[in-house]
Amino acid sequence: MFHPKLLDALRKYDRTTFLADLAAGVTVGIVALPLAIGFGIASGVTPGQGLWTAIIAGFLISALGGSLVQVGGPTGAFVPILAGIVAAYGYGGLAVATVMAGIILVVMGLLRLGTLIKFIPYPVTSGFTSGIAVIIFVGQLKEFLGFDAPMPRHTPHQIATVVMNLPHVHGATLGIGLLALAILVLWPKRWRRVPSSIVAVVVCTLVAVAMKLDVATIGSKFGGIPRGLPELSLPKLSFDQFQSLMIPAFTIAMLGAIESLLSAIVADGMIESRHDSNQELVGQGIANIVCPFFGGISATGAIARTATNIRSGARTPVAGIVHSVTLLIIMLVAAPLAKFIPLTALSAVLIVVAYRMGEWENFPELLRSTKSDFSVMVLTFALTVIFDLTIAVGVGLSMAAVLFVRRMEEISHIRLVTPESEMDSGGGSIRGKDVPEGVLVYRIEGPFFFGAAEKLETALERYSTVPRVVIFRVRTVPAIDASGLHALEIMLDKFHRKGTQLILSGVQPQPMKVLYNAGFVDKIGLDNICANIDVALTRARALLAGTPPPG
C-alpha cells in the first residue's frame, strides 16, 4: 500500500545517475526560487512562507510520492483559493485547512481513488486552469503598475479597480516591471541554460538598487526573509473552524490531487514511465500535513518545475530532493539580499506564468470540434473568474455529467428487427432466418441506462398485438445500470401478466453479473438466457410448441 518510487529508484542507483539528478535538482531549485517567493506573496502570506513550502513540500513529495521526477511546491493554481482563505480566516485558518486537505489526500490515496481523478472531463480542468490564469494575471497588476489602492477579493472588482487607478500608475515601478517582462520573453530565445526568471529578478534588482529607484521591494513590504529555520507551530483547530473550513479544505485537496496527477501524467509522457497515482496522493497528503507546522502553505505537483526537472536531465526523485536542498542553501546564505528584490519583478514572473498556464489554444479547438465540450469549458472558465473555483468545478462537473448522459442516450438504440429489415449480416443477425409467427425480436444497442429504459417502453408500445415470445438481442450492450435493470424487471412483470415469454440473447459479462446478483436470472429462468440468436430462436419455438426445454 505504501511504496514510494524513491525505493525503486535507489535499488540501481549509481554515480552517473546521481550527477544527472544533481545538475537537474540545482537547476530546478534556481527556477523555483522566484516562483516560491511570488506564489507565497500572491497567496496572502510572506515570501519566507512560500520558500519554506517549496523546501519542505518539495522534499516530501519527491521522497514519498509515486512519480520518478515530480517536483512539488506552491503553485499558481492554489493562489486564488489560498488568498481567499487567508482574507477570510487568516493564516491560522489556512494552516488548519491545509492539514485537513492533507488528511483527505492521504485517505484518498489509501482508498485507491487516484485513478478516479483522471476521469474528470478535460474541458472542466482546462476551463478552471485558464480561469486561474486570469485571476493570477489580474491579481498581479497592482504591484506591476505600482498604485496604492487596495485590491478587492473578486476578479471583476479587481479589474474595475485597475481601470480606475490607471492615472495613478507609478512610472519607475512600471518601468522595472516592463524590463522584467522583456527579459522573461526574450532571454529564452537566445539563452536557455540560465533560467530567465532568475535573470529577470537579478537584473531588475541591480537596476533598482543602482538607480536608487523608489519602488516597493520585499524588504519595504515584508521586512525581508528570515535567515534562520522556521519555528515549529501547531495549528489550532476548534469545532467551529472545522465546520467552516471543511469546504475550503476539500477544494484544496481536490485541486491538489488534480494538478499533481496531471503533472505526473505529463512527466510520464516525457520520460516514458508510469507513476503510481495512489502513492502520489499519499505523498502529497503527507507534505500538506507537515508544511503548516513550519509556517508553510498548501503545495502540490508543479507542472512547469517538473518539466524543467526532466529537461535538465532528472532521472529519479533524488533530483527533487536536491531541488529542496538547493533552495534551503540559497535561503540560509542569501536571505538578506532578497529584501532588495522589487515586487514588480516578481509580479512580472507571475504574469508570464499565468499566460503560460492558461490553455488558450483549447478554446478555438473545442469550438470547431465539439460545441457541448466548448460550452462546459467556457462556463467553468467564466464561473472561476467571476465567482470562485469551488462553484466553477461543481457546476462544470454537473454540466459535463449531464452531457455525458445525453451522449449515452444518443448512442443507445432499441429497434424491432425482422429477417427482411435486418441490415446486419454478421453471425448474430436474423437476416434470412426463420422467425416463427408470434415472436418479436428487438435489437438493443449501447449502454442500457435510464435513458434507454424509456426507449424500451416506447418501442414496445408501437406493436399493438400481444406477442407470445419477445427476444431481446443484447450482444452490443456493454453495461447496464440500476435504472436499466428496473426497466427490465417492470417489462418482465408486464409480459408475465400478458402471457408473453421474454428471452435474452447474447448477454455480455457485466450485464450478466448485474442480472444474476439482482435475482433477475431466477425470475426469467436460466433457459431463457441464450448464447446467441440461433439458440434464442430454438428456445422460442420450444416455448410456442409447449415442449420442455432441452436438458
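This section describes aromatic pairs, a buried glutamine and salt bridges in the structure. The model is predicted.

Three aromatic pairs were counted in the model. One of these joins tryptophan 187 and tryptophan 191, whose ring centres are 4.7 Å apart. The planes of tryptophan 187 and tryptophan 191 meet at 40 degrees, and the pair is classed as tilted. Both residues have some access to the surroundings of the chain: tryptophan 187 is partly exposed at a relative accessible area of 22%, and tryptophan 191 is partly exposed at 46%. Tryptophan 191 also takes part in a contact with a charged group, as the charged end of arginine 190 sits over its ring at 5.2 Å from the centre.

Another pair is formed by tyrosine 442 and phenylalanine 472, with ring centres 6.1 Å apart. This pair is edge-to-face because the planes lie at 80 degrees, and planes over 60 degrees apart fall in that class. Tyrosine 442 belongs to strand β4 (residues 439-445) and phenylalanine 472 to strand β5 (residues 469-476), so that the pair links distant parts of the chain, 30 residues apart. Tyrosine 442 and phenylalanine 472 are both buried.

Glutamine 284 is located in helix α13 (residues 277-290). With a relative accessibility of 1%, glutamine 284 is buried. Beyond residues up to four places away in sequence, glutamine 284 touches Ile61, Gln70, Leu105, Ser260, Ala299, Thr300 and Gly301.

Side chains of opposite charge can pair when their charged atoms come close. The structure contains six salt bridges. In one of them, arginine 11 is joined to aspartate 8, with 3.4 Å between the closest N and O atoms. Arginine 11 and aspartate 8 are about one helical turn apart because they are three residues apart in helix α1 (residues 5-11). Arginine 11 is exposed at 62% relative accessibility, while aspartate 8 is partly exposed at 31%.

A further salt bridge connects aspartate 534 with lysine 433, the closest N and O atoms being 3.8 Å apart. Aspartate 534 is in helix α24 (residues 533-545) and lysine 433 is in the loop between β3 (413-417) and β4, so this salt bridge ties together parts 101 residues apart in sequence. Both partners are partly exposed, with relative accessible areas of 37% for aspartate 534 and 24% for lysine 433.

Arginine 443 and glutamate 445 form a salt bridge with an N to O distance of 3.0 Å. Arginine 443 is buried, at a relative accessible area of 14%. A network of salt bridges links Arg415, Arg443 and Glu445.

Technical notes. Residues numbered from 1 in each chain as written. Predicted model: local features only at pLDDT ≥ 70, side-chain atom pairs only at ≥ 80, totals over all residues. Heavy atoms only, no water. Phe/Tyr/Trp six-rings, centres within 6.5 Å; stacked < 30°, edge-to-face > 60°. Buried < 20%, exposed > 50% of the residue type's maximum accessible area, 1.4 Å probe, protein only. Helix = DSSP H or I, 4+ residues; strand = E, 2+ residues; numbered from the N terminus. Lys NZ or Arg CZ within 6 Å of the ring centre and 35° of its normal. Contact = heavy atoms within 4.5 Å. Salt bridge = Lys/Arg side-chain N within 4 Å of Asp/Glu carboxyl O.
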